[in-house]
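Colleague: I am new to this structure and would like to learn how to read a few of its features. Could you take me through them one at a time?

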Amino acid sequence: MYVLVVGLLTTISIHAQNFKKLDSILKVATNEIYSNPDNVIKAGEMVVVQSGDNVDYKIKGYKLISDAYSAKRDYEKSVEYLIKSSELLPLSNDKLLKINIINKTGIQYHQLKVYDKSIQYLDQAEQLIAEYPYKDSIHMELGKNYVVRGFIYKEKLSCAIAITYIDRGIAELMKIKDKSESATKMSIAIYNKGNCYLLMNNNKLALQNFEQAATIAREVNAKSLEAFALKGSAKVFTLEGKNTEAIVALNKALDLSSDVDDLILDQEIYRGLAENYLALNQLDKFKIYQLKFLATQKLIKNTERISVSESIGDKELEFKVKKAELSTKFYYLLLVLLLFLILIVLFFYAIIKRKRKEIETIKSQIYLLQNQKSKEA
């Protein structure tokens, strides 16, 4: 008995140490999503493998990979891993984790520009958040929920409404005690708020928000977010005719983007540099960055075309696999039906044979009785 108890306690201790290690990996990797998404993908894969039979950690691992692919703008891959985490969700009893995944699904649909579907999932997540008893644990999820609603309302309604929701989201994110957890979300929210002010022709507030977003991103080494914020500041400088200041900001952004591998970001930086060098009549530099802009634009189109082609290829392969599966099922069904018919035929044959035998027996008995009566007569 003593040996069994010691063995059980040892097993529990090993599992606890493993889960503590996985928690550490998840926390570190989450903070690196916008600075080194490739490493985050590897970390997520490690969590999935080491989670064993623990469904919650497996879901967290898949979700981490999905977030990293989102940061790389590879939404197809992001959806693939989000689906994997969603498929395991019914096996989890962690209500906060369910809120997290449903919220993430709403965010994913926003990134894919399927706004109605996004709102549907955000509403579902908000309902679960309202029912969750531990209110200090849901500031992050509620903050993200409001911020993404703001992004959608910016596209569908107006920037004034969008800013209201983004501010609600920021207010929730500011309630989180560990600022390193909320920093990247804050930077994204404030950057998009800056874009709203830019659309509303309020350059002063736009610049303030871009500079604040860059500062927050810099503090957590979120290079792509800092580069986007610098690009935003450069846009304000360009509109105000401060071309030299715009070029300084864009060159800082370009330096940061070299470690990020974001073609959309690179394209926007090259476009901005070309525009500002042209405004300063520095035609040699204008040509350099205009060519880089066009080359990157072409690369993005080729990547999209390949992605669509691969998607079509995947669908064709999926169709072929399903067709083969259906054919196999059809032949199995046909074989079962055939065997069933044979069994029915054999069954009725056996019954008929038995009945014939019974009839023959009855005939023989009648014949014997008739002979016996004739002898008695």
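Modeller: What follows is a short conversation about cysteines, backbone angles and one asparagine, and please keep in mind throughout that this is a predicted model.

Colleague: Let me begin with the cysteines; how many disulfides does the model have?

Modeller: The general idea is that a disulfide is a covalent bond between the sulfur atoms of two cysteines. In this model the count comes to zero disulfides. Cysteine 159, for example, is in no disulfide, and the nearest cysteine sulfur to its own belongs to cysteine 196, 3.2 Å away.

Colleague: Why is the sulfur of cysteine 196 not bonded to that of cysteine 159?

Modeller: The rule asks for two cysteine sulfur atoms within 2.5 Å, and because the sulfur of cysteine 196 lies 3.2 Å from the closest cysteine sulfur, in cysteine 159, it is too far for a bond.

Colleague: And are these two cysteines buried or exposed?

Modeller: Buried means under 20% relative accessible area, so cysteine 159 counts as buried at 11%, and cysteine 196, with a relative accessible area of 0%, is buried as well.

Colleague: Turning to the backbone, which residues other than glycine have a positive phi that I could look at?

Modeller: As background, most residues other than glycine have a negative phi. Lysine 113 is one case with a positive value, its phi being near 65 degrees, and asparagine 221 is another, with a phi of about 60 degrees.

Colleague: Where in the chain are lysine 113 and asparagine 221 found?

Modeller: Lysine 113 is in the loop between helix 5 (95-111) and helix 6 (115-131), while asparagine 221 is in the loop between helix 10 (203-219) and helix 11 (223-239). Exposed means over 50% relative accessible area, so lysine 113, at 62%, counts as exposed, whereas asparagine 221, at 44%, is partly exposed.

Colleague: Finally, what does asparagine 243 touch beyond its neighbours in sequence?

Modeller: Asparagine 243 lies in helix 12, which covers residues 243-257, and it is buried, with a relative accessible area of 13%. Leaving aside residues up to four places away in sequence, asparagine 243 touches Phe237, Asn276, Ala279 and Leu280. With asparagine 276 there is also a polar contact from side chain to side chain, at 2.9 Å.

Colleague: How far is the C-alpha atom of asparagine 243 from that of glycine 272?

Modeller: Those two C-alpha atoms are separated by 9.7 Å, although asparagine 243 and glycine 272 are 29 residues apart along the chain.

Notes: Residues numbered from 1 in each chain as written. Predicted model: local features only at pLDDT ≥ 70, side-chain atom pairs only at ≥ 80, totals over all residues. Heavy atoms only, no water. Helix = DSSP H or I, 4+ residues; strand = E, 2+ residues; numbered from the N terminus. Buried < 20%, exposed > 50% of the residue type's maximum accessible area, 1.4 Å probe, protein only. Contact = heavy atoms within 4.5 Å. Polar contact = N/O pair within 3.5 Å; in protein donor to acceptor, adjacent residues only side chain to side chain.
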